[in-house]
Amino acid sequence: MKLVPLFDRVVLKQLEAEEVTKSGIVLPGQSQEKPQQAIVVSVGPGGVINGNEVKMEVQEGDRVIFAQYSGTKVKVDQDEYIVIRQEDILAIMK
């Protein structure tokens with residue numbers, strides 16, 4: 001099954017937290033905070049939202065940073081995704 005977002009929404013696959021810090025300390029699973037970084041899986045068409053034209057700035061495959069408590073978590077098959085508005089994406093990592 002594929003998620004197809006509507007309007008100005010974007011589907012993200014959140015990146016996993018690293019298990020070992022840069023200094024070599026191994027973190028147990030519960031103490032790891034998920035990073036606010038994700039890969040864009042699918043992008044809505046944009047359009048007119050609340051009377052304003054919304055142009056989609058992100059593309060599938062982009063690596064992005066998003067606002068911490070934004071979006072809706074969705075589980076499809078065994079994969080977990082976040083459906084988020086484009087305005088909650090803070091930056092594209094290049």
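Let's start with a lysine and a tyrosine: the charged end of Lys13 sits over the ring of Tyr81, and 5.5 Å separates it from the ring's centre. Keep in mind as you look around that this is a predicted model.

With one aromatic ring already in view, how many aromatic pairs does a search of the whole structure find? The search comes back with zero. In general, a pair of aromatic rings is described by how far apart the centres are and by the angle of the planes.

**Strands side by side**

Now turn to the strands. β1 covers residues 9-14, while β6 runs over 72-76 and β7 over 79-85. Which way do β1 and β7 pair, parallel or antiparallel? They pair in the antiparallel sense, over four bridges. To find this pairing in the structure, look for Val11, whose bridge partner in β7 is Val83.

β7 also pairs with β6, again in the antiparallel sense, and here there are five bridges. A good place to look is Lys73, which has Ile82 as its bridge partner in β7. β6 and β7 form a hairpin with two residues between the strands.

**Two residues with a positive phi**

Most residues other than glycine have a negative phi. Here are two residues with a positive value:

| Residue | Phi | Place | Relative accessible area |
|---|---|---|---|
| Phe7 | near 55° | segment before β1 (9-14) | 47% |
| Asp77 | near 55° | loop between β6 (72-76) and β7 (79-85) | 57% |

Is Asp77 buried or exposed? Asp77 counts as exposed because its relative accessible area is 57%, and the cut-off for exposed is over 50%. Phe7, at 47%, is partly exposed, because that value falls between the 20% and 50% cut-offs. Asp77 is also the residue that takes the positive phi in the hairpin of β6 and β7.

**A visit to Val43**

Our last stop is Val43, which lies in strand β2, residues 37-43. Val43 has a relative accessibility of 22%, so it counts as partly exposed.

Which residues does Val43 touch, leaving aside those up to four places away in sequence? Its contacts are Pro5, Arg9, Met56, Val58, Gln59 and Glu60. Take Val58 from that list: Val43 and Val58 are 15 residues apart along the chain, and their C-alpha atoms are separated by 7.4 Å. Try finding both valines in the structure above, then look for the other residues that Val43 touches, including Pro5 and Arg9.

How values were computed:
Residues numbered from 1 in each chain as written. Predicted model: local features only at pLDDT ≥ 70, side-chain atom pairs only at ≥ 80, totals over all residues. Heavy atoms only, no water. Phe/Tyr/Trp six-rings, centres within 6.5 Å; stacked < 30°, edge-to-face > 60°. Lys NZ or Arg CZ within 6 Å of the ring centre and 35° of its normal. Buried < 20%, exposed > 50% of the residue type's maximum accessible area, 1.4 Å probe, protein only. Pairing = 2+ DSSP bridges. Contact = heavy atoms within 4.5 Å.
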